[in-house]
Amino acid sequence: DVFASKDFAARRSMMLDAYRNDVDPGVHGAAAWLLRHWNALDAIRQCNQTLSTGNVENGRRWYVSHLGHTMTVIRGPVEFLMGSPPSENTWGGEGRHRVTINRSFAICATEITGEQMHQFEPKSDLTNGERPTQDCPVNFITWYDAALYCRWLSEREKIPESEMCYPPIEQIRPGMKLPANYLERTGYRLPTEAEWEYACRSGSTTVRFFGSSVELLPRYAWYVKNSNELSGPVGTLMPNDFGLFDVYGNVVEWCQDTFAMDYDKSPGKQDLDLSVDVSHERLQKGGAFSQIASGLRSAARSWTSPDIKSSRTGFRIARTIR
């Protein structure tokens with residue numbers, strides 16, 4: 001009726017105001033989720049067009065890039081307990097330890113979609129057998145593909161060459177070398193494992209950012225129980241307290257680091273991080289649409305050669321913020 005319509009319009013207006021102006025990325029993400037479920041995608045796009053400055057403004061702890069990526073900004077230094085306790089059914093060297101991230105950084109609220117990858121590589125498919133719509137996360141991505149996208153995006157954002165984390169596009173291939181200070185540079189890149197896990201946890205110390213309940217997982221993650229062996233549109237399920245969507249399930253996400261069973265305590269790991277060679281596996285986080293719940297935990301980690309692509313592998317972007 002008329003009164004119900006007026007009430008809904010008022011609530012919609014309030015959510016749009018929160019989406020546009022609230023400084024907290026968690027509130028921004030929650031407003032985005034609710035507006036999406038109210039079929040207000042056009043209103044979100046219009047807001048993003050005015051917000052896409054590529055800069056942190058008005059005290060916000062998030063920003064929208066020129067190409068529409070919502071980035072959560074995490075002010076450093078931050079310290080947290082990384083990994084998991086023995087009681088968590090762990091594998092892959094997840095021993096709990098304290099980690100400090102000395103820099104501020106930004107991480108994308110969503111995984112990169114087929115549509116976004118198509119902007120970079122027009123020959124790429126918008127959809128495929130496991131990616132039914134173009135707003136699902138891109139898959140069949142190697143580590144090098146993800147690095148190519150980050151370099152391209154950095155160029156589109158007019159980031160100076162001295163701030164690029166990856167070499168020119170024609171040099172991004174097996175055997176490539178990274179600058180020794182790439183984590184100090186502000187170009188787009190993949191998140192480190194520590195950055196990814198800190199952002200995923202969003203202040204929590206439990207198995208998952210919302211606690212330990214497996215029953216709640218379908219509200220936050222596309223996985224074997226609810227995915228029908230397909231990925232889902234990004235931002236459809238509920239975000240964490242930092243406004244990040246799909247940190248569990250959907251596609252497993254490439255990280256910057258080489259794999260080490262005992263995290264960064266392995267001799268020479270820093271040198272290995274700078275040389276991206278197929279003989280040294282790279283880390284992945286988050287789990288995928290085809291996995292069971294035990295693989296969808298904040299501390300869970302997987303690893304494979306950087307030239308491997310699969311139907312369940314994608315990525316999200318990050319960058320250092322000064």
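Which residue just after α2 takes a positive phi? That would be Asn39, with a phi of about 55 degrees. Keep in mind that this is a predicted model, and let's use α2 as the way in.

Start at the front end of the helix. A side-chain oxygen of Asp24 reaches to within 2.7 Å of the backbone nitrogen of Gly26, right at the start of α2. From there you can check the geometry of the helix: α2 has 13 residues, and at 1.5 Å a residue they should span 18 Å. The end C-alpha atoms of α2 are indeed 18 Å apart, so expectation and model agree. As for what gets tucked away, the buried residues in α2 are Pro25, Gly26, His28, Gly29, Ala31, Ala32 and Leu35. Gly26 therefore turns up twice, once as the partner of Asp24 at the helix start and once in the buried set.

Now for the largest pocket, where α2 shows up again. The space in this pocket comes to about 870 Å³. It is lined by 32 residues, and the closest to its centre are Ile44, Arg45, Asn48, Gly68 and Gln116. Which elements supply at least two residues each to that lining? They are α2 (25-37), α3 (41-51), β2 (70-74) and α4 (114-120). Among these contributors, α2 gives the largest share, with 6 residues. If you're thinking about the chemistry of the wall, the lining splits into 17 polar, 11 nonpolar and 4 charged residues.

Next, head further along the chain to the loop between α6 (193-201) and β8 (252-258), where Ser202 sits. Is Ser202 buried or exposed? Its relative accessibility is 10%, and since buried means under 20%, Ser202 counts as buried. Setting aside neighbours within four places in sequence, Ser202 is in contact with Phe209, Asn240, Asp241 and Phe242.

Met238 is found in the loop between α6 and β8 too. Met238 has a relative accessible area of 27%, so it is partly exposed. Tyr220 is 18 residues away from Met238 along the chain, yet their C-alpha atoms are separated by 5.0 Å. Tyr220 also appears among the contacts of Met238 beyond four places in sequence, together with Trp33, Arg219 and Phe245. Trp33 brings us back to where we began, as its number falls within α2 (25-37).

Key: Residues numbered from 1 in each chain as written. Predicted model: local features only at pLDDT ≥ 70, side-chain atom pairs only at ≥ 80, totals over all residues. Heavy atoms only, no water. 1 Å grid on protein atoms, 1.4 Å probe; cavity = no way out; pocket = protein on both sides within 12 Å on 5 of 7 lines; lining within 4 Å. Points joined across faces, edges and corners; volume = space filled by probe spheres on them. Helix = DSSP H or I, 4+ residues; strand = E, 2+ residues; numbered from the N terminus. Nonpolar A, V, L, I, M, F, W, Y, C, P; charged D, E, K, R; others polar. Buried < 20%, exposed > 50% of the residue type's maximum accessible area, 1.4 Å probe, protein only. Contact = heavy atoms within 4.5 Å. Expected span 1.5 Å × (residues − 1). Polar contact = N/O pair within 3.5 Å; in protein donor to acceptor, adjacent residues only side chain to side chain.
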